[in-house]
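Trainee: Got a minute to go through this one with me? I'd like to start with how its parts meet.

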Amino acid sequence: MILNMEALLKRIAHCVEFGKINEASPYPPDMKGQPGADELTRQAIDKGADPDDVLKKGLVVGMEKIGIKFRENKVFVPQVLMSAKAMSIAMEHLKPFFQSGDVQRKGVFVIGTVAGDLHDIGKNLVSMMVEGSGYEVVDLGTDVSSQKFIDAVKGHPGCFVGLSALLTTTMVNMEKIVNDIKTALPDTKILIGGAPVSEEFKEKISADFYSPDPQGAVDYLNSVVA
Ligand code: B1M
């Protein structure tokens, strides 16, 4: 089937939204045997599409839709992971354009799970959604100290920072990390999230934003960048 560029970008968005990675992938069953985000992104680039359009009118649109469905409990973690996989395979075709500077990222987002905490599933979902929305993500992993965050912010001036915590015993470490980062680099915008964290806690520790889900983190970053 030959698609015009607009239809091709819509199809790429659809593949990301429904987690259709490539032609060989059997998931989702109703798209079995059809080309996925991998082949269609290659096709769009080979046809001369602007890589920025492929990102913003294709991949990001699909990620945004899955992010909203996830927030509304219409899909669950496995579907989001499939979408993120489709997105990251497609991104391989766009990487050379990012590296050459032809496509600009919206900003840099440094993220980590706070000191003492090893939970990373939620943090990884946030990373994927933010990356899928056009930001460069620097993922510091789990059990991240204040100093490691500060070093990363120094290496990426103007970046945003995301802190994740899943334990009531480690969420308290957010206060120290926020305080240490703000003392060293006062202009840094810090957003926090994770199951035990709340808006009230954000106020208490003077972080800039709290989001209960990945889409909220994306919406916040977009609102600051716009
Ligand atoms: Co742990 N664990 N765990 N655990 N674990 C919980 C969190 C717990 C609630 C289970 C329970 O007792 N019911 C409990 C915490 C109790 C508390 O403090 N209130 C607990 C405990 C006690 C522990 C240990 C202490 C157990 C022990 O050893 N005695 C230990 C601690 C280890 C450590 O961190 N130092 C521990 C260990 C582990 C495993 C290693 C076995 C494993 C983690 C594997 C991994 O992450 N790679 C694990 C798991 C899997 C869980 C549960 C079952 C699932 C967590 C998860 O991944 N949820 C969890 C119980 C539960 O939640 N049902 C539990 C799915 C994930 C998508 O959700 O992470 O909330 P979540 O992320 C969400 C949002 O919170 C938000 O977006 C995500 C998507 O919606 N979000 C952000 C997260 N970060 C964000 C950042 C943002 C914005 C949004 O901006 C920056």
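Mentor: Sure. One term to begin with: buried area is the accessible area, taken with a 1.4 Å probe, that two parts lose on being put together, summed over both. Keep in mind that this is a predicted model.

Trainee: Fine. Which domains is the protein chain divided into?

Mentor: Domain 1 covers 5–100 and domain 2 covers 108–225. Their C-alpha centres lie 26 Å apart. Domain 1 puts 14 residues into the contact, and domain 2 puts in twelve residues.

Trainee: What area is buried between domain 1 and domain 2?

Mentor: About 1100 Å². Carbon and sulfur atoms give 74% of that area.

Trainee: Which three residues supply the most on the domain 1 side?

Mentor: Met-63, Phe-70 and Arg-71. Together they supply 39% of the area that domain 1 buries against domain 2, more than any other three residues.

Trainee: How many salt bridges cross the interface of domain 1 and domain 2?

Mentor: The rule finds two there. A search of the whole structure gives 14 salt bridges. As for how far along the chain such a pair can reach, take Asp-219 in helix 9 (residues 214–225) and Arg-71 in helix 3: they are 148 residues apart and link distant parts of the chain.

Trainee: What's the N to O distance for Asp-219 and Arg-71?

Mentor: 3.6 Å, between the side chains.

Trainee: And how many residue pairs are in polar contact between domain 1 and domain 2?

Mentor: One residue pair, with both residues at pLDDT 80 or more. On the side of domain 1 that touches domain 2, the elements giving two or more residues are helix 3 (51–71) and helix 4 (77–100). Helix 3 has the largest share, with nine residues. By class, that side of domain 1 holds eleven nonpolar, one polar and two charged residues.

Trainee: Changing topic. Which protein residue is the donor of the cobalt atom of the ligand?

Mentor: His-119, through NE2, at 2.2 Å. His-119 is the only protein donor of that cobalt atom.

Trainee: Where is His-119 found?

Mentor: In the loop between strand 1 (108–113) and helix 5 (121–132).

Trainee: Now the backbone. Is the peptide bond from Tyr-27 to Pro-28 cis or trans?

Mentor: Cis, with omega near -5°. Pro-28 sits in the loop between helix 1 (5–18) and helix 2 (37–46).

Trainee: Last one. What is phi of Asn-73?

Mentor: Near 60°. That is a positive value in a residue other than glycine. Asn-73 belongs to the loop between helix 3 and helix 4.

Methods: Residues are numbered from 1 along each chain as its sequence is written. This is a predicted model: local features need pLDDT of at least 70, side-chain atom pairs count only at pLDDT 80 or more; totals for chains, interfaces and linings use all residues. Side-chain values use heavy atoms; hydrogens and water are left out. Domain bounds come from an automatic or database domain assignment. Contact means heavy atoms within 4.5 Å. A salt bridge is a side-chain nitrogen of Lys or Arg within 4 Å of a carboxyl oxygen of Asp or Glu. A polar contact is a pair of N or O atoms within 3.5 Å; within protein, one must be able to donate a hydrogen and the other to accept it, and residues adjacent in sequence count only if both atoms are side-chain atoms. Helices (H or I, at least four residues) and strands (E, at least two) are DSSP runs, numbered from the N terminus. Ala, Val, Leu, Ile, Met, Phe, Trp, Tyr, Cys and Pro count as nonpolar, Asp, Glu, Lys and Arg as charged, and the others, Gly among them, as polar. Donors are N, O and S atoms within 2.8 Å of the metal (3.2 Å for Na, K and Ca); water is not among the atoms, so sites may look incomplete.
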